[in-house]
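Biologist: Could you take a close look at one hairpin for me, and then walk me outward from there through the rest of the chain? Keep it chatty, but stick to what the coordinates give you.

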Amino acid sequence: MGNLRALSGFIFLTLAVFTTARPKSGPDQKCKSGPVDLVFLIDSSRSVRPHEFETMRKFMVDILNTLDIGLDTTRVGVVQYSSQVRSEFFLKTHSKLENMVNAINEIVPLAQGTMTGLAIKYLMNEAFSPGQGDRPKVPNVAVIVTDGRPQDRVAEVAAEARERGIEIYAVGVARADMTSLRAMASPPFEDHVFLVERFDLIHQFGLQFQDKLCGKDLCLESDHGCEQLCESSPGSYTCHCLPGYRLNADGKTCSAIDLCVEGKHDCQQICISSPGSFTCDCDQGYHLNDDKKTCSPIDLCAEGKHDCEQVCVYMGPGTFTCDCKEGYRLNVDEKTCAPIDLCAEGKHDCEQVCVNMGPGIFTCDCNEGYRLNGDKKTCSPIDLCAEGKHGCEQVCVFLGPGNFTCDCNEGYRLNGDKKTCSPIDLCAEGKHDCEQVCVNMGPGIFTCDCNEGYRLNEDEKSCS
């Protein structure tokens, strides 16, 4: 911004000169200056007495009488605050002094608490916004007038406002706390912090503006040699640097402040420098925590940021490997899994038959006619005859493991059911060699005899 920020220096005086102020010049004696966007932030809490608020109102009017008001020169906005914040008019609202004065005279105090931090946040986000008339590359100046201690935190939000380029003057009266004023104001504090004992002393600010505004501005009217910023004072000037830079010993040039190299950071792992500032980062495999300082290891498995089909194994910050469930084997792509068939791969100890029961699981069985032994691996042949597990009426014949056939005792014949037996009557079936008479002697047994008048011969078959 070069000298633009320095232009806002005409707004307030140093602590050292307020008691020697000269009488205020008449309203027609105005000085030309560069454009400025100026917002008054006035405390209207219940602790501000009515006559004190009137003094504050007159204070703003007195200042406006010394300024070159206009949309192309000095724009002015007014915000009052207590427990809430209310804009009386924005930078874009009025272009004429008389309209501003009328609006200031119509302000009705809120008369509540003192939420200064809330007011500064509003100042930063609303009052100094392009939509409400803030101009690019024009100095932003805020004048905070308060009589009491803030009831909320102001240091952080004020620092953020200053980082955004808002130059803050803090004017405290009566019960104001100097520590709180310094927390709000821009450095150097001797030029931006003012503490008076009574509201009526605020008028002395207005008397000083004439000297600040109408004196020769050496920053604008001389070859000052400041590399970055020049701040005028009556009859003199001072060189300053932009935020993040430090004034060199020559009092004019600036050097970037590397807080990382100087170790003025609280990053746990990596510090990334920018002039007067830094950001923290983390080593590979770690991510930055919400505090923007410390780092935590990245568990890609727990976060689901992996491409493993079945099992992700955490191997350390930002690393993992894939694995498979029991019964599966990792494929060559090291991501997907294939079921293991132990039977097909011959990785079993079954004597006869291996039965695949699923990935990595099998059971043993036996061929037909065999039975699995108690070891669940080996097999024994089944003798159905010996075990009586047959349906033969008379004789079971073992034909091999699990096989048999039925037979009959001598003199009997196997029936068509292949199980039961019937006695054989050789006489009735004519299956004998008797010449005359066949006598059935039992199943499959007979003897020969002869008709009456005949005698059986010695061959026991023929008769004489």
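Modeller: In the hairpin of E15 and E16, two residues sit between the strands, and Gly-318 takes a positive phi near 75 degrees. Bear in mind that this is a predicted model. The two strands run antiparallel, with E15 covering residues 311–316 and E16 covering residues 319–323, and five bridges join them. If you want a cross-strand pair to look at, try Tyr-314, which stands opposite Phe-320 in E16.

A positive phi on a glycine is one thing; what about other residue types? Most residues other than glycine have a negative phi. Glu-334 goes against that, with a positive phi of about 60 degrees although it is not a glycine. You'll find Glu-334 in the loop between strand E17 (328–330) and strand E18 (337–339). Its relative accessibility is 55%, so Glu-334 counts as exposed, given that the cut-off for exposed is over 50%.

Lys-376 is another one: again not a glycine, again a positive phi of about 60 degrees. Look for Lys-376 in the loop that links strand E21 (370–372) to strand E22 (379–381). Lys-376 is exposed as well, because its relative accessible area is 56%.

While you're in that part of the chain, have a look at Phe-362, which belongs to strand E20 (residues 361–365). Phe-362 has a relative accessible area of 27%, so it comes out as partly exposed. Phe-362 and Leu-342 are 20 residues apart in sequence, yet their C-alpha atoms are 6.9 Å apart in space.

Now for the charged side chains. Side chains of opposite charge can pair when their charged atoms come close. The structure holds 21 salt bridges, and a few of them are worth clicking on. One of them joins Asp-349 to Lys-377, with 2.8 Å between the closest N and O atoms. Asp-349 lies in the loop between E18 and strand E19 (353–358), while Lys-377 lies in the loop between E21 and E22, so the pair ties together parts that are 28 residues apart in sequence. Asp-349 is partly exposed because its relative accessibility is 38%, and Lys-377 is partly exposed at 36%.

Further along the chain, Glu-429 forms a salt bridge with Arg-413, and here the closest N and O atoms are 3.0 Å apart. Glu-429 is in the loop between strand E26 (421–423) and strand E27 (437–442), and Arg-413 is in strand E25 (residues 412–414), so this pair ties together parts that are 16 residues apart in sequence. Both ends are partly exposed: Glu-429 has 34% relative accessibility, and Arg-413 has 35%. There is also a network, in which salt bridges that share partners join Arg-246, Glu-262 and Lys-264.

Glu-156 and Arg-153 give you one more salt bridge, with the closest N and O atoms 2.5 Å apart. Glu-156 counts as partly exposed at 44% relative accessibility, whereas Arg-153 is exposed at 64%.

Some acidic side chains gather with their own kind instead. Glu-435, Glu-458, Asp-459 and Glu-460 form a patch of negative charge on the surface. Take Glu-458, which is in the segment after strand E28 (445–449). Glu-458 counts as exposed, because its relative accessibility is 81%.

For a contrast with that surface patch, go to strand E1 (residues 36–43). Eight of its eight residues are buried, so E1 is largely enclosed by the rest of the structure. In a regular strand the side chains alternate between the two faces of the sheet. In E1 both faces are covered: Val-36, Leu-38, Phe-40 and Ile-42 are buried on one side, and Asp-37, Val-39, Leu-41 and Asp-43 are buried on the other. Notice that two aspartates, Asp-37 and Asp-43, are on that second list. E1 pairs with strand E2 (residues 74–81) in the parallel sense, over eight bridges. To find your place in that pairing, start at Leu-38, whose bridge partner in E2 is Val-76.

Notes: Residues are numbered from 1 along each chain as its sequence is written. This is a predicted model: local features need pLDDT of at least 70, side-chain atom pairs count only at pLDDT 80 or more; totals for chains, interfaces and linings use all residues. Side-chain values use heavy atoms; hydrogens and water are left out. Patches are made of residues with over 30% relative accessible area and no salt bridge: like charges are joined within 9 Å, nonpolar side chains (Val, Leu, Ile, Met, Phe, Trp, Tyr) within 5 Å. Accessible areas come from the Shrake-Rupley method with a 1.4 Å probe; for residues, only the protein chains shown count as cover. A salt bridge is a side-chain nitrogen of Lys or Arg within 4 Å of a carboxyl oxygen of Asp or Glu. Lys and Arg count as positive and Asp and Glu as negative; His and the chain ends are not counted. The place of a charge is taken as NZ of Lys, CZ of Arg, CG of Asp or CD of Glu. Helices (H or I, at least four residues) and strands (E, at least two) are DSSP runs, numbered from the N terminus. Buried means under 20% relative accessible area, exposed over 50%, partly exposed in between (1.4 Å probe, protein chains only). Two strands pair if DSSP finds at least two bridges between them.
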